[in-house]
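Work through the exercises below with the structure in view. Try each task before reading its solution.

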Amino acid sequence: MRMRNKPWANDFLNQHPKATTNPIDLKGSWKASYSKVILEIGSGKGGYLFDLATLHQNQRYIALEKDRNVSATALRHHDVLGLENLLWINNGAESIQTWFEKGELDEIHLNFSDPWPKKHHEKRRLTSKTFMPIFIDLLRPEGLIKFKTDNQKLFEYTILQMQVYPLEMTFFSVNYIHSLEEEDAYTEYEMKFNALNQPIYRAVWRKK
Ligand SMILES: C[S@@+](CC[C@H](N)C(=O)[O-])C[C@H]1O[C@@H](n2cnc3c(N)ncnc32)[C@H](O)[C@@H]1O
């Protein structure tokens with residue numbers, strides 16, 4: 001997700017009470033008194049986590065988004081909602097292991113991650129071996145990885161990648177229809193692809 005440059009974004013993020021400028025300071029204590037710690041990587045404008053955090057106020061949600069213009073837009077909305085249980089990290093997943101202890105996360109959500117279709121960009125895909133061993137380390141046993149995409153090739157790639165890790169697939173759909181019974185919410189991209197009648201691919205894995 002790209003956005004026009006917002007000259008006010010840096011200052012806004014640096015002073016925002018819900019934007020963690022030094023996430024390393026929270027290493028080991030993200031859970032506090034919450035029942036779960038759930039991280040979404042590549043949160044975009046945050047609609048997905050805003051909805052989940054509203055529905056489950058006993059759970060700690062963390063949004064990780066590398067684009068400061070997108071993060072600033074999301075946090076303006078956060079101000080309106082006033083959610084206590086949602087923290088924002090404006091940074092890239094490349095540094096993630098410095099902010100969380102091993103086993104500290106209950107769930108990692110990847111929604112409409114950038115596909116990086118060229119072979120020589122494979123290492124940038126969030127489900128490539130650059131990131132996956134680290135994500136698995138940060139998940140607790142029985143922790144979940146939830147993945148949604150519109151991109152069939154990225155979905156197929158991800159399904160194959162996941163087979164080499166100690167994961168058990170618990171959900172698979174190549175035409176996912178949002179269900180209110182699931183702990184799930186729409187993302188901005190999901191709504192866009194739904195409106196175009198394009199299929200959504202979704203899978204969930206549990207760490208063994
Ligand atoms: C296609 S958008 C999807 C946004 C949202 N998840 C949705 O479904 O509507 C992908 C987002 O992931 C962010 N992103 C991509 N790579 C990232 C990384 N390595 N670390 C953090 N954010 C990343 C991009 O800046 C972009 O906002």
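**Exercise 1.** In this predicted model, decide whether Asp106 is buried or exposed, then find its salt-bridge partner.

Solution. Step one: the relative accessibility of Asp106 is 5%. Buried means under 20% relative accessible area, so Asp106 counts as buried. Step two: the side chain of Asp106 meets that of Arg140 in a salt bridge, at 2.5 Å from N to O. Step three: Asp106 belongs to strand β4 and Arg140 to strand β5 (residues 139–149), so the pair, 34 residues apart, links distant parts of the chain. Step four: Arg140 is partly exposed, at 29% relative accessible area.

**Exercise 2.** Which residue forms a salt bridge with Glu190, and how is each of the two classed by accessibility?

Solution. Step one: the partner is Lys148, with 2.6 Å from N to O. Step two: Glu190 sits in helix α6 (residues 188–195) and Lys148 in strand β5, 42 residues apart. Step three: Glu190 has 1% relative accessibility and is buried; Lys148 has 2% and is buried.

**Exercise 3.** Classify the two ends of the salt bridge between Asp137 and Lys102.

Solution. Step one: the distance between the side chains is 3.6 Å, N to O. Step two: Asp137 has a relative accessible area of 36%, so it is partly exposed. Step three: Lys102 reaches 64% and is exposed.

**Exercise 4.** Which residues form a nonpolar patch on the surface?

Solution. Step one: the patch consists of Met169, Phe172 and Val174, with about 270 Å² of accessible area together. Step two: Met169 is located in strand β6 (residues 167–173) and is partly exposed, at 36%.

How values were computed. Residues numbered from 1 in each chain as written. Predicted model: local features only at pLDDT ≥ 70, side-chain atom pairs only at ≥ 80, totals over all residues. Heavy atoms only, no water. Patch = residues over 30% accessible without salt bridge, like charges linked within 9 Å, V, L, I, M, F, W, Y side chains within 5 Å. Areas by Shrake-Rupley, 256 points an atom, 1.4 Å probe, with all protein chains shown as cover. Salt bridge = Lys/Arg side-chain N within 4 Å of Asp/Glu carboxyl O. Helix = DSSP H or I, 4+ residues; strand = E, 2+ residues; numbered from the N terminus. Buried < 20%, exposed > 50% of the residue type's maximum accessible area, 1.4 Å probe, protein only.
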